[in-house]
Structure formats: C-alpha cells, structure tokens
Amino acid sequence: MNQEKTIVLEHRCFQGNYRLIKLAAPTIGPLVQPGQFVHLRVPRLENAVLRRPFSVFKADDVGLSILYATVGLGTEALTSVAVGEEVSLLGPLGTGFPGVGKDKFPVLVAGGYGNAALYLQAKVSPVKGVAFFGGRSAQDILCVDEFEALGWDVRVTTDDGSLGAKGLVTDALDSWLEGEKDVASASLELFACGPNGMLKAVGDRALGNGFAAWLSMDRNMACGVGACLTCVIKRKTETGWEWARCCKDGPVFEASEILW
Amino acid sequence: MNIPDLKVKIGSIEMKNPVTVASGTFGYGPEYADYVDLDRLGAITVKGISAEPHVGNETPRTFETASGMLNAIGLPGPGANGFCEKYLPFFESYSVPLIVNVWGKTVEDYGRVAEILDGPARVNALEVNVSCPNVKEGGALYGTDVDLFRSVVDEVRSKTEKPIIIKLAPNVANIKLFAKAAEACGADGISIMNSYPAMGIDIETRKPQLANRTGGLSGPAIKPIAMKLVWEAAQVVDIPIIGMGGVSTPEDALEFIIAGASAVAVGTANFTDPSTAVRVIDGIERWLSAKNIASVDDLVGTVKT
C-alpha cells in the first residue's frame, strides 16, 4: 500500500454517463491485484474531507485506469479534472478476488459498470468462461468487446431489451445454470460485482447450488485503510456474526460469509 | 535559523513534538503504519477501548458534510484485554508514546478499563472519553453533568498511576467548570474537543443520514468552536491542553497553540491525507524557526486579547 501523487494521462467520456480516467501511477499500478481499489482525493473539492474509493479497471507498470459514473458531488467534480493534473491516490487497497480455483470453470456476473472491477480477474484467469453482463439499457452495458477479446463468452441482458436478452442478469444466469446441469455445480466458481440486490441474488444461487461466489461489495467508506470502521458489513462466525471491514477485509467476500 | 524545541510534557509522557492523532481516526495503530512513520508522531492516540468488547452501531455510521463529517461509529472494540493481546505487541517495535482512549457505560466500567490498562508498560497514558455523543449509555452524560464527570475522573484516577487526559464534551454551557473539575480531580491533561452532537437528514427518504440518527460533527467545520473552548479552558487550568477539531494544516495547529493548547491532535484530516500529522509537525518547526521562537512552549497561550 502506498500514497502516490499521480498524473492524469487520459480522461474522457467512455460511453453515455460513464467516464474513463487513466493515471500515471508507477508505484501503485504494478501492485494492483484483481478486485482491489484505490482511494482518490478529488482535486479542487476543497470542502470535502473524504477521499473517494474506486475499483481499478486496468493496471500495469505505467499506471491504472478507473471507469466511473457521475453519481454525486465527488464524481461530478472529478469530471473537471484535466490531463496533466495531479491526483493523490492511496492504494492498492483491500482484499480482492482469489485466483480461480484449480479445475474450476469461472463465471463472471456484473451489473452495469461493475464489470470494470472484474476486468483484471478476467484477464488473469487461466480459463475464460462465461460472463453475464446486465444493465438498465444498452448504454449501461460496457466493455463487451474487451472481455470478448480476452476470450470470454459474454451474455448480455438489459431491463428494457435494448441490447441482448430482455430481463435481469440473474434470469440469464438461471437459464444457463439450468442448461449446464450436466456440469457439476461444484466445478463452477462465480465472481461478481454490481448493485447490492444483484450480489445477494448471485450469492443465493451459489449457496443453493453449492458453488463459491466471490462478491465485490460496495459500501460508503471514510478512511479506506481499516481504521475508522465506517464501511463494516456483517460476516458470519461460528457463534453469530462480527463486523468485517469492507475496505480491508473486503471488498471481496465469499457469498457464504455474508449475513445479509 | 535556530532549531526550535518541539518537546511537550503531559504528565510523565514526553512527546517529542506537539502532535498526536485524535482517537477514532487512526484505528489501533497498525492501520496507518504503511503510510505514516508512526515514530515521527508526538504520540499515538488509539480508538476508544472499554473494559468489555463492544459491537458498536449499525450502518450507516458516517456521512460527509460541508468541511466535515458526521460519525456515529458507536465505539466498537475488542475490550481492554483484547486490545492488549491483539495490538500491544505491534507497538513493541515503535518508541512513540501510546495514549489509549478509554470509555465506559458506568463509573465502575471506567474504573475497570483503567485498572486493566494500568498494567502493561507499553500503555503510556489514558485519555478518558467522557464525551462520546454516540453511545446511549453513559457517554455524553458524563461529559455534561459536572457531578457525574467528577465521579468518573475520580474513579479513573484511583485506578491508575499513569497520566490521565480527560477529553471534554463541547456541548456544555461552561467549559471552564469541567476543565477545573478535571484538574482538581488529579487529571494530567485535558483534550478539547470531542465531535459536536449533530444530525443530517435525507430529504427523499426523510430518514436520518446515520443509523444512530444523530452523531458527532468533526473536521474543519468545528475548528472555530474548538478554538474558543481551548482559549476559555486555558484561562483557568495549569495542566496542558491538547487542542483538536479540524486540524488539517500547520497553521491550524499553531492557532490552537496560541489559543492555549500545549499540543494538538489531527483527526478527520487523517482520512483526507494520512500524511497530515507529519506535515503539521514539519510546518510547526519551520514556522517557529522562521519566527526565531526557541520552543513551542514559548508560543502556548500567547493570544493577545
């Protein structure tokens, strides 16, 4: 984990309401593991005391990129940051995805731009399996070609049917699971990122079918390093539950650990 | 240019500079060790510990506001014995003085946690939290009723030989009363201030922004409130005051020192930038040096009123 002054290399509209920012981060970039995040100080947001956490989309020796949507004050202010500006980052933070288990068939499930947090996992996975991407409409489905280029079989669903099959991403997952009954459930391993409701639905399917599902959870954070105990979630224990820190113990948790 | 003397003494603790971190913003120590050379700090003040483990509040626990944030974490923690087992070994490789913030639901609870922490040599002082706005039992009540306040300070004093620093509540009619009571009960120092009781509401859901409904406001928004309280308390006590509330820059720290604080704590600004405390230390040294002031002590309480 490091604190680094990074320089904006690229910043542009990616698609619709989604933007891509690429930062020169030669210290943090090479350290990023799939599923980890960075904590970014938004320039010129002077009366905001908190950083903003972002999943890492891509990372290499030069730096890293973030795919984000403008959803609040922080991301709105971020849109004005120009190429060449300095941005302070803490990272890489948190416990990301484990490697795909031996002899496991990986399945990705993403809601909207949640698939950005799955990209590095998709890249390093020795087996390229099936990726289910869901969103409200066509403009919320991102990076299909990028995942296909890595060798993944991408299946798209949208709420309004404007791209792919009409319905929820979990509908598509359910029909696929039904059709793959001959594949033993135990050989599947899911990796998911998206809205809370989708993560719970994916987790329920994993628990019901006896396979593992690694869920990237999203909670409001303050410190990002495990100190303030803002972003806690309930994790099951032998005797009940305990608070686990989304920023440090997560953001990735196995579905069976989470007490919803 | 001279090299100014930054040393500060609070009871028997020798701080090599006047900057610590505010309890609750720095975890139990290890969390920030990758970002901050802990031994550069004057002292580390760790998150509130009670005699028994405590689970804390439901979420959401924090909410960002203009130049600050609300929190109602609710003092989750491993308990005094759990803290000693889990975190004290970490501090063996550091020389920085360790101040442990303690709290209780009853006067006896305060005594028990003080008694347990009186044992380990690595615990250098206790900061007594009589002012947490976010726990239903005890908490703020001990900080706002001067008789209850005295009973807590007396109890802690009777259970430990270590320096005790009393962290005062800001929401009292007369801070001088509490500052004097702390000194009279044998406290070695005073921390001013805890976060200010506050609230935020989501207009769409009409629900409070915090699960606990109300919380404590911290950050630059409260600095002028803390400044007045430090200035008032400094007029009536001789024991050192640790000033806190919105310290983000060396200038903020110097302002507190001029108001009457012997030391300061960096709180919410640790979240904004983990290197804040070290920048504040370096900035204080540079400023004193530029002004040819020999020691930080020479600046304490020099406000011209």
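E52 of chain B is partly exposed, with a relative accessible area of 46%. I start with this residue and work outwards. Please keep in mind that what we have here is a predicted model.

E52(B) makes a salt bridge with R112(B), and the closest N and O atoms are 2.4 Å apart. The two ends of this pair come from distant parts of the chain: E52(B) sits in the loop between β4 (44-49) and β5 (62-65) of chain B, while R112(B) belongs to helix α2 (residues 107-118), and 60 residues separate them. R112(B), like its partner, is partly exposed; its relative accessible area is 34%.

R112(B) has another salt bridge, with D109(B), where the closest N and O atoms are 3.2 Å apart. D109(B) and R112(B) are three residues apart in helix α2 of chain B, so about one helical turn lies between them. Is D109(B) buried or exposed? At 17% relative accessibility, it counts as buried, because the cut-off for buried is under 20%. Through shared partners, the salt bridges join E52(B), D109(B) and R112(B) into one network.

The loop between β4 and β5 of chain B also contains P60(B). The peptide bond from T59(B) to P60(B) is cis, with omega about 0°. Chain A has a cis peptide bond as well, joining G91(A) and P92(A), with omega about -10°. P92(A) is in a strand, β7 of chain A.

Staying with the backbone of chain B, there are two residues to point out for their phi angles. L75(B) has phi near 55°, a positive value in a residue other than glycine. L75(B) is in the loop between β6 (68-71) and α1 (79-91) of chain B, and is buried, with a relative accessible area of 8%. R213(B) is not a glycine either, and has a positive phi of about 70°. Its place is the loop between β13 (207-208) and β14 (215-218) of chain B. R213(B) is exposed, at a relative accessible area of 54%.

Next, helix α5 of chain B, residues 175-184. Which of its residues are buried? They are I175(B), F178(B), A179(B), A181(B) and A182(B). These residues span an arc of only 165° around the axis, and therefore lie on the same side of α5(B). At the start of the helix, a side-chain oxygen of N174(B) comes within 3.0 Å of the backbone nitrogen of K176(B). Just after the helix, G186(B) has a positive phi of about 95°.

Now to chain A, and one residue in it. T158(A) is part of strand β10, residues 153-158. With 0% relative accessibility, T158(A) counts as buried. What does its side chain reach at 3.1 Å? One answer is the backbone nitrogen of G161(A). The backbone nitrogen of S162(A) is also 3.1 Å from a polar atom of that side chain. Leaving aside residues up to four places away in sequence, T158(A) touches several others, among them G135(A), R136(A), I141(A), L163(A) and K166(A).

That leaves the interface. How many residues of each chain are in contact? The count is 26 residues of chain A and 30 residues of chain B. Together the chains bury about 2,300 Å² between them, and 56% of that is on carbon and sulfur atoms. On the chain A side, V49(A), L229(A) and W243(A) lose the most area to chain B, together 27% of what that side buries.

As for charges, there are two salt bridges between chain A and chain B. One of them pairs E64(B) with R52(A), with the closest N and O atoms 2.6 Å apart. Eleven residue pairs are in polar contact across the interface, counting pairs with both residues at pLDDT 80 or more. On the side of chain A that touches chain B, the elements giving two or more residues are β1 (2-15), β7 (86-93), β14 (232-236) and β15 (241-245). The residues on that side divide into 15 nonpolar, six polar and five charged.

A last salt bridge, within chain A: the side chains of R235(A) and E242(A) meet at 3.0 Å, N to O. E242(A) counts as partly exposed, at 33% relative accessibility. Over all chains, the structure holds 24 salt bridges.

Definitions and conventions:
Residues are numbered from 1 along each chain as its sequence is written. Chains are lettered from A and ligands numbered from 1 in the order in which they are written. Side-chain values use heavy atoms; hydrogens and water are left out. Buried means under 20% relative accessible area, exposed over 50%, partly exposed in between (1.4 Å probe, protein chains only). Helices (H or I, at least four residues) and strands (E, at least two) are DSSP runs, numbered from the N terminus. The arc is that of the directions from the helix axis to the C-beta atoms. A polar contact is a pair of N or O atoms within 3.5 Å; within protein, one must be able to donate a hydrogen and the other to accept it, and residues adjacent in sequence count only if both atoms are side-chain atoms. Contact means heavy atoms within 4.5 Å. Buried area is the accessible area (1.4 Å probe) that two parts lose on being put together, summed over both. A salt bridge is a side-chain nitrogen of Lys or Arg within 4 Å of a carboxyl oxygen of Asp or Glu. Ala, Val, Leu, Ile, Met, Phe, Trp, Tyr, Cys and Pro count as nonpolar, Asp, Glu, Lys and Arg as charged, and the others, Gly among them, as polar.
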